[in-house]
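Visitor: I've just opened my first protein model and I'd like to learn how to read it. Could you walk me through a few features?

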Amino acid sequence: MNTMAQAGGRTRIGGRVRQLLAERLTPGRAAAAVFVGVAFGIIPIYGAQSIAAVALATLFRLNRPLTLAATFVGNPFFQPFLVFGSLVLGHRAVDGIWVQVSPSTIMASGWQSHLLPFVVGSLVLAVLLAVPAAAVTYLGFAWQRGRPAATRDGGAGDPASNIPPPPDD
């Protein structure tokens, strides 16, 4: 394959990637994409979280890369905290009590007794974390949109916006 065909292929791929990253990035749609991603990143459908989130983003025409990135809230570093929070919130929602959750208490009482609270708690935690994440995303995108192009892209925007105002006489 010659270099012209390779360069043309890279250009098409690069253009498609740029188009995909910038798709539907209004503040509201970006916030909705983050909400879906964070919520599905917490809900315990392990192995299918990203697939389900991207499918829902596609269905509602949200930004898929942003949705996918937001699902990584359920990464291995945060997972113990998400499981713990889901169990505590789930027992509060299901049993009406705050419980102390530790590996020894789970093993002593059997994991089956914690399954329903875990699922319910993960749904509660998903909403509790996805709402502020979506709000911060909305505010960030709205703020970014309100900035002039010269400050938004480091001064490489419209040359007319870089002209200083005339001095006062």
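Visitor: Let's start small: is Arg61 buried or exposed?

Guide: First, a word on what we're looking at. This is a predicted model, where local features need pLDDT of at least 70, side-chain atom pairs count only at pLDDT 80 or more, and totals for chains, interfaces and linings use all residues. Residues are numbered from 1 along each chain as its sequence is written, and side-chain values use heavy atoms, with hydrogens and water left out. Now the labels: buried means under 20% relative accessible area, exposed over 50%, and partly exposed in between, using a 1.4 Å probe and protein chains only. Arg61 has 55% relative accessibility, so it counts as exposed. It sits in the loop between helix 3 and helix 4 (64–70); helices here are DSSP runs of H or I with at least four residues, strands are E runs of at least two, and both are numbered from the N terminus. Arg61 also has a phi near 55°, a positive value in a residue other than glycine.

Visitor: How confident is the predictor, and where does pLDDT stay under 50?

Guide: pLDDT is the predictor's confidence in each residue, from 0 to 100. The protein averages 83, and 75% of the residues score at least 70. The stretch under 50 is residues 155–162, for which the model has six contacts beyond four places in sequence. Contact means heavy atoms within 4.5 Å.

Visitor: How do I check a helix, say helix 2? What should its residues span?

Guide: An α-helix has 3.6 residues a turn, so residues three or four places apart point the same way. The expected span is 1.5 Å times one less than the number of residues. For the 16 residues of helix 2 that gives 22 Å, and the end C-alpha atoms are 23 Å apart, which agrees.

Visitor: And how many residues of helix 2 are buried?

Guide: Twelve of the 16, so helix 2 is largely enclosed by the rest of the structure. Among them are Pro27, Val34, Phe40 and Gly41. The buried residues pack against helix 3, helix 4, helix 5 and helix 7.

Visitor: Let's zoom in on Gly41. What does it touch?

Guide: Leaving aside neighbours within four places in sequence, Gly41 is in contact with Gln49, Thr71, Val73 and Gly74. At 1% relative accessibility, Gly41 counts as buried. Gly41 and Asn75 are 34 residues apart in sequence, yet their C-alpha atoms are 8.3 Å apart in space.

Visitor: What about Ala52, and where is it?

Guide: Ala52 is in helix 3 (residues 49–59). It's partly exposed, with a relative accessible area of 24%, and it touches Phe40 and Ile45, not counting residues up to four places away in sequence.

Visitor: Last one: what lines the largest pocket?

Guide: Rolling a probe the size of a water molecule over the atoms shows where empty space is left. On a 1 Å grid over the protein atoms alone, with a 1.4 Å probe, a pocket is an open set of points with protein on both sides within 12 Å along at least five of seven lines; lining residues have an atom within 4 Å of a point. Here the largest pocket holds about 230 Å³ of space. Its lining includes Val83, Phe84, Trp111 and Phe118. Helix 5 (79–95), helix 6 (103–109) and helix 7 (112–146) each give two or more residues to that lining.

Definitions and conventions. Grid points are joined across faces, edges and corners, and a volume is the space filled by probe spheres set on the points.
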